[in-house]
Structures are given as C-alpha cells and as structure tokens.
Amino acid sequence: MTGRPEHQINKDETLSKDGEAVPAPRKVFVKTYGCQMNVYDSERMTDVLAREGYTATDSVDDADLVLLNTCHIREKAAEKVYSELGRIRKIKTERAREGKEMVVGVAGCVAQAEGAEISRRAPIVDLVVGPQSYHQLPDLLRKAKGGEKVVETEFDIDAKFDHLSEKVEKPKLQRAPSAFLTVQEGCDKFCTFCVVPYTRGAEVSRSVSQIIDEAERMAASGVREVTLLGQNVNAYHGDGPDGETWGLGRLLRRLAEIEGLDRLRYTTSHPRDMDDELIEAHRDLKSLMPYLHLPVQSGSDKILKAMNRKHTRDDYFRLIDRIREAAPDIALSGDFIVGFPGESDADFEDTMDLIRRVGYGSAFSFKYSQRPGTPGATMADQVPEDVKTARLAELQALVTEQQKAFNASRLGMTCDVLFEKKGRLPGQLVGKSPWLQPVQIDAPDVLIGSVQPVEIVEIGSNSLFGRLIEGHNETLSQAPDLKEVAFDA
Ligand code: 5AD
Ligand code: SF4
C-alpha cells in the first residue's frame with residue numbers, strides 16, 4: 001500500500017517515516033476505581049488504545065482522552081465519579097481555550113448502571129461505555145470525536161473476550177512480575193445486597209485455550225505470578241480443548257505446567273463453588289499459593305438466608321475444615337457486611353463468633369449500603385447508621401487483632417518471596433509472601449522478578465521485614481538483568 005499525500009490524512013493521523021498515514025501520538029489518562037477486575041479492564045483498554053496511537057499518562061492535564069473506570073458496588077461511588085467529572089470539566093475548558101481537544105469517557109459499572117443519565121448530568125462526558133464493550137473503544141471514540149454523545153452498554157461478553165485476547169503486543173519488553181488475568185466475568189448468584197449481576201451480567205467463562213495462550217504470553221514477557229480473576233471465579237466452567245467443560249481446579253492444574261509461572265492465585269470465590277477438584281488443587285499444586293479469599297458476609301443463618309447466599313454457617317465451617325485439611329498453612333481472607341436489613345445484635349454476635357472460630361489472616365468489611373435495584377434496598381428493618389458504624393468498628397478490631405496474630409506467627413519463618421519492585425528506601429525491594437503479605441528486604445535490583453527464600457526477621461504494622469537467606473546467591477546469576485527494563489506497575 002502506498003502512503004496517502006499529507007493533505008489527505010485526517011486530524012487523528014500523522015505520517016510515518018515511510019509515508020504511511022498512522023495514528024497521531026495521543027495520551028490517555030485512565031483512573032481506576034474498585035476491584036481488580038477493573039484494574040485488569042483498564043490495562044486491556046490501554047492495550048486496545050495503544051493500537052490507536054495512545055500512550056498512557058498519569059497526568060490528567062496533558063491527556064487527550066480521559067477514562068474513568070468506575071465502580072458501583074457500594075455507596076457514593078456514582079457521586080465520587082460526578083465530583084471527579086466536575087474537576088475534569090475545568091481542565092477540559094482550560095484545554096479548549098488553548099485549542100486542544102479532550103475526550104472524556106466513563107467506563108465500568110457506574111457507566112453500565114447509569115447509562116445516558118451520565119452525560120445528561122455531566123455534559124462534558126462524550127462517551128459512556130459498559131464493561132462488556134471495551135473492545136469497541138476505537139470505533140466509539142471515533143464517533144465521540146465526531147461530536148456524537150456515545151452510550152454503549154450492551155451485554156456481549158463473548159465478543160469482548162474474543163477481541164481483548166487478540167494480541168495486544170505490549171510495546172514494553174517486560175511486564176511486571178505479578179499480573180491479573182480475567183477468566184470469568186459476571187454472576188448469577190443474585191445475593192440480595194449486590195449490584196454485580198445487574199452491572200456485569202450473567203456468568204461467562206473464557207475458553208481454556210484463550211486463557212492458556214494469554215498465560216503463556218505473560219510468562220514469556222516476565223510475569224511470574226498470575227492471579228485469575230472473576231466475580232465468581234470458582235464458578236469457572238470454560239470449554240476445554242478436549243470438548244469437556246473444565247472447572248477452576250482443572251484449569252489451575254494445566255496452568256501450573258506453564259514454565260516460568262511460579263505462582264498462581266485466584267479471586268474472588270463463593271463458598272458454594274468450592275468443589276473437590278479445587279480443594280485438591282490446593283493440596284497438590286506447589287505453585288498454587290496458600291491464600292484463599294472466601295467471603296461469607298455474615299455468620300448468622302437468618303441473615304445468610306435473607307442475603308440469598310444459599311448456605312448456612314455450618315456449611316461454611318465444614319468447608320473451611322476440608323480446605324485446611326488439604327492445605328494446612330492456608331491464609332484465609334473474607335468479606336463481611338454489617339447492618340444488612342434485619343440484622344439484630346444476636347445476628348451480629350453470630351458473625352463475630354464465626355470470625356473467632358475461623359481465624360482470618362486478613363478480611364475486608366463494609367457497612368451495608370442500599371444499592372438501587374437490588375432486593376435488599378427495599379427490605380424492611382434497615383439498620384440505623386450509628387448501629388452499623390459501631391458494629392463495623394467492633395468487627396474490624398477483631399479482624400485487625402487476628403491479622404496481627406497471623407503476621408506475628410510468620411516471625412522467624414523462612415518463606416519464598418516474589419520480588420516485585422523497588423522499595424521506598426534505596427537498596428530496598430518489596431515483594432510478596434505466599435500468604436499475600438508485602439515483604440520488605442534489602443536486596444539488589446537484579447532480583448526483581450525472581451522468587452527467593454527469605455527469613456522473616458521483623459513484623460511491621462502492614463508488612464513483614466525479611467532477610468535474604470545467605471548461600472542462595474546462585475539465583476542472582478540466573479536472574480535476568482532487568483535494570484534497564486520498565487515495568488507496568
Ligand atoms: N453493601 C455493602 N457491601 C457490599 N458488598 C457488595 N455489595 C455490598 C453492599 N450493597 C461487599 C461484599 C462483597 C464485596 C466485594 O463488597 O462484601 O463481597
Ligand atoms: Fe455479588 Fe458475589 Fe453475590 Fe455474585 S456472589 S451477587 S458478585 S456478592
């Protein structure tokens with residue numbers, strides 16, 4: 001193909017050195033709210049936009065395109081987006097005065113839930129795009145630049161997965177040592193407090209071969225740890241290359257064979273989908289890390305029923321016993337909601353009792369927040385805010401105590417640490433323990449991207465401090481020289 005004469009290129013293009021019309025260099029600023037799936041989606045959006053000539057910037061002031069990848073899971077998420085849009089409006093106006101264009105897009109679950117309402121309330125928004133339509137971003141952007149107010153909130157998740165896994169060559173040689181990989185999206189569980197089934201749609205799993213391809217590419221570009229993502233990741237049921245449907249346990253077994261992938265993790269799981277195959281994977285796979293995020297939300301049978309969780313507290317205890325039998329050193333984590341409608345003092349006590357009996361390495365806890373359109377929002381007996389506040393403080397004090405005890409139990413232990421990046425102090429690296437704790441160690445930069453045995457010598461409030469085990473320097477000479485390499489994170 002011959003290049004078009006310069007006067008024929010449009011304003012989004014420039015001429016390459018061999019006279020081809022290519023996309024003009026542009027900058028995109030992406031702000032991510034919420035869960036890891038949004039982090040993954042933001043990376044994929046950046047990849048798709050890279051093909052259109054966009055490079056990522058962390059300054060909104062010099063961005064040609066601003067994308068807010070939003071979250072709708074709890075209160076005020078939408079309000080936060082509108083106030084951020086207020087700030088962006090000023091910058092957009094300023095740029096317009098200088099004759100520069102700025103396209104503003106809202107993506108993610110607020111986009112899905114609010115749709116066209118967003119650009120009505122915030123006229124600076126040119127583009128509203130739901131989580132299932134990111135592969136269409138280039139086309140949508142072209143329309144938005146043509147002056148159209150674009151709203152795309154269709155559910156076509158298969159198309160999204162197909163397109164986003166087309167390669168996507170990163171301009172960088174090397175990726176960060178730890179990365180996310182979405183294997184499943186959406187949820188059919190309809191817990192009565194949760195918006196996810198409405199914003200992310202029904203459960204869809206990617207095929208095994210797509211996932212293996214992506215994981216192999218990741219390993220080849222320096223990724224050592226992959227965290228499989230899904231709103232309900234352990235409900236994974238993807239088409240296998242043998243024509244059978246594979247569950248998460250089987251998928252993990254296959255991923256464990258990929259050379260260079262030292263560590264596997266997955267999140268987030270539902271207790272009802274922890275099947276034998278997955279529990280056995282924890283017993284058998286060395287690379288499957290001893291950490292499990294298994295939200296239970298409440299310890300009261302009455303509240304679990306009202307939440308439509310479809311299991312009892314005893315089911316959960318029995319499950320934890322089976323998991324601990326298979327993987328005795330596993331660190332458990334969970335999510336808890338306090339103040340769900342109808343939660344009495346006794347129900348809350350049941351939750352506290354469950355936490356004491358299970359013993360968590362860490363946990364996330366939230367005050368119940370009425371989400372429009374969910375059954376919980378209109379239930380009777382909403383719990384007053386001050387009661388929620390008091391319960392949350394009590395629960396968090398207990399969980400903090402457990403977390404401290406769990407961290408303290410690592411003192412003097414030797415464990416493998418994946419070195420991820422430079423620390424704040426010179427000569428210091430930050431890595432991750434098998435139990436997902438940050439570990440700080442004095443170590444040379446060349447170790448970034450490798451797994452090393454480390455002795456835990458001190459316990460801090462949020463991280464552990466370690467010392468490289470002497471006599472393990474042979475890996476130093478094997479570690480790739482990454483000094484010159486830029487990392488994602
Ligand atoms: N109110 C409070 N917490 C919620 N979560 C989900 N929906 C709500 C809500 N309406 C919490 C749950 C879930 C986590 C991701 O967010 O604990 O596991
Ligand atoms: Fe929401 Fe998780 Fe329940 Fe699905 S299983 S409805 S994502 S809390």
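**Around ligand 1, and two stops beyond**

Guide: Welcome! Ligand 1 is surrounded by I73, R74, F193, Q297, D335, I337, F366, K367, Y368, S369 and R371. This is a predicted model, where local features need pLDDT of at least 70, side-chain atom pairs count only at pLDDT 80 or more, and totals for chains, interfaces and linings use all residues. Residues are numbered from 1 along each chain as its sequence is written, chains are lettered from A and ligands numbered from 1 in the order in which they are written, and side-chain values use heavy atoms, with hydrogens and water left out.

Visitor: What makes a residue count as near a molecule?

Guide: One of its heavy atoms must lie within 4 Å of the molecule.

Visitor: How do you know that R74 makes a polar contact with ligand 1?

Guide: A polar contact is a pair of N or O atoms within 3.5 Å; within protein, one must be able to donate a hydrogen and the other to accept it, and residues adjacent in sequence count only if both atoms are side-chain atoms. A polar side-chain atom of R74 lies 2.6 Å from an oxygen atom of ligand 1, so the pair qualifies.

Visitor: Why is H311 called buried?

Guide: Buried means under 20% relative accessible area, exposed over 50%, partly exposed in between (1.4 Å probe, protein chains only). H311 has 9% relative accessibility, so H311 counts as buried.

Visitor: What is H311 in contact with, leaving aside its neighbours within four places in sequence?

Guide: With contact meaning heavy atoms within 4.5 Å, the partners are H270, P271, R272, V296, L304 and Y316.

Visitor: How do you know that β19 and β22 pair?

Guide: Two strands pair if DSSP finds at least two bridges between them. Here 5 bridges join β19 to β22, so they pair.

Terms used. Helices (H or I, at least four residues) and strands (E, at least two) are DSSP runs, numbered from the N terminus.
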